[in-house]
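Trainee: Got a minute to walk me through this one? I'd like to start in the middle and work outwards.

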Amino acid sequence: MSYVGPDFEPPRPPRHPLRGPLIVAVGALVPGALVGWLVWQAVGDSDEGRDGSAAAQTSASASAPSSVLPAPSDDGKEQTGGGAGQSGGGEEPGSSAPAGSGSLQGKVVVIDPGHNPGNFRHPSDINRKVNIGTNWKECDTTGTSTNAGYTEAEFTLDVSHRLRTILKKAGATVKFTQDGDRAWGPCVDERAEIGNKAEADAVVSIHADGSAAGNRGFHVILPGSVHSGAADTRPIVASSRDLGERVAGGFLRTTGGPPSNYIGDGTGLDVRTDLGGLNLSTVPKVFIECGNMRDTKDVSRLTSGAWRQKAAQGISEGIVSFLRG
Ligand SMILES: [Zn+2]
């Protein structure tokens with residue numbers, strides 16, 4: 001399934017005559033929206049000094065390249081600054097939000113803000129092993145943080161709030177797995193169960209990665225096919241891939257990327273069979289790692305409220321596209 005959307009225009013870099021066959025081959029192998037990215041990479045690699053943000057500006061026809069984003073706020077305190085008057089807090093915690101009057105009426109979206117800000121204080125609880133079908137795994141983890149102390153848990157809640165606001169306006173019923181309104185958790189098995197019990201039409205788990213500096217960019221994690229114990233993802237593999245490709249495409253369009261340079265071979269997609277939150281899901285579900293909290297370029301984005309708004313917008317566009325079919 002291509003996730004080239006109506007407002008996506010491929011980049012128009014100068015073509016290198018020797019690159020044609022490679023471009024064609026790549027285009028045949030990867031999902032649509034990322035083809036433009038790869039084409040740019042294929043033809044633009046004579047510019048050895050470029051960095052990812054420059055590439056993103058060129059490749060993704062983003063509405064706002066990174067250079068026009070506000071200066072980064074690296075102190076972990078920046079909370080607002082997002083577009084459209086969005087706030088990271090103050091909405092009803094943890095509960096279902098009433099559906100609005102938009103086109104997604106009757107659709108249920110579960111947003112899973114990865115980790116809980118309180119997990120740090122409950123190591124024995126979150127280290128308890130839970131059965132994920134294929135294996136036993138820790139209930140949850142603390143998540144990562146920037147070197148300056150802006151936590152993944154704080155980031156994911158903020159993006160999730162922004163995403164909820166957008167989806168509610170579109171008419172969806174939105175439910176959170178947690179909203180910082182409980183001491184810790186939930187465990188990954190319960191996170192999956194919340195989506196299942198809600199009979200969600202789509203579930204997206206929001207994360208940021210904690211990889212080595214220099215590793216950067218986003219990737220969407222899709223469930224691989226597993227059938228073991230309580231885990232049986234076979235019925236949701238295809239629909240989750242559709243959802244994930246659309247989310248990746250939306251995210252690329254609104255943020256300008258880049259797709260991960262360390263996972264997914266430039267596709268912005270990864271498939272995993274070791275995540276309980278995916279293995280135990282019976283409804284279409286993906287994770288998104290929005291960037292790397294240990295890379296300074298990514299941190300300048302992740303700590304920007306304006307960028308987080310673009311991130312939420314992109315994720316929402318993918319969800320809406322999936323739900324409309
Ligand atoms: Zn995480």
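**Core, helices and odd backbone spots**

Mentor: Sure. Leaving out residues up to four places away in sequence, Val 204 touches Ile 111, Asp 112, Val 247, Val 286, Ile 288, Ile 315 and Ile 319. Touching, or contact, means that the C-beta atoms, placed from the backbone, lie within 7 Å.

Trainee: Is this a predicted or an experimental model, and what cut-offs apply?

Mentor: This is a predicted model: local features need pLDDT of at least 70, side-chain atom pairs count only at pLDDT 80 or more, and totals for chains, interfaces and linings use all residues. Numbering runs from 1 along each chain as its sequence is written.

Trainee: Back to the core. Which residues touch the most other members?

Mentor: In the largest nonpolar core, which has 50 residues, they are Val 109, Val 204, Val 247, Ile 288 and Ile 319. A nonpolar core here is a set of buried Ala, Val, Leu, Ile, Met, Phe, Trp, Tyr and Cys residues joined through C-beta atoms within 7 Å. Buried means 20 or more other C-beta atoms within 10 Å of the residue's own, exposed means 12 or fewer, and partly exposed is in between, with C-beta atoms placed from the backbone.

Trainee: Which element gives the largest share of this core?

Mentor: α10, with 8 residues. A second, separate core has 10 residues, including Ile 132 and Leu 280.

Trainee: How many helices and strands are there?

Mentor: 10 helices and 10 strands. These are DSSP runs numbered from the N terminus: H or I of at least four residues for helices, E of at least two for strands.

Trainee: How does α7 pack on α10?

Mentor: α7 (residues 237–255) and α10 (residues 305–324) have axes 7 Å apart, at an angle of about 145°. Axes are lines fitted to C-alpha atoms, for helices over the stretch in contact, and angles run from 0 to 180 degrees between N-to-C directions. By class, their contact has 8 nonpolar, 8 polar and 5 charged residues. Ala, Val, Leu, Ile, Met, Phe, Trp, Tyr, Cys and Pro count as nonpolar, Asp, Glu, Lys and Arg as charged, and the others, Gly among them, as polar.

Trainee: And α5 with α10, at what angle do they cross?

Mentor: Roughly 50°, and the axes of α5 (residues 152–169) and α10 come within 8 Å. That makes α5 oblique to α10, because angles under 35 degrees count as roughly parallel, over 145 as roughly antiparallel, 65 to 115 as roughly perpendicular and the rest as oblique. The α5 contact with α10 divides into 8 nonpolar, 3 polar and 3 charged residues.

Trainee: New topic: where are the cis peptide bonds?

Mentor: One joins Gly 185 and Pro 186, with omega about 10°, and Pro 186 sits in the loop between β4 (173–176) and α6 (188–197). Another joins Gly 257 and Pro 258, with omega about 0°; Pro 258 is in the loop between α7 and β9 (269–272).

Trainee: What about His 115, what's its phi?

Mentor: Positive, about 70°, although His 115 is not a glycine. His 115 lies in the loop between β1 (108–113) and α4 (123–127).

Trainee: Is His 115 buried or exposed?

Mentor: Buried, because His 115 has 27 C-beta neighbours inside 10 Å. Glu 199 also has a positive phi, near 50°, but Glu 199 is exposed, with 10 other C-beta atoms within 10 Å.

Note on methods:
Contact = placed C-beta atoms within 7 Å.
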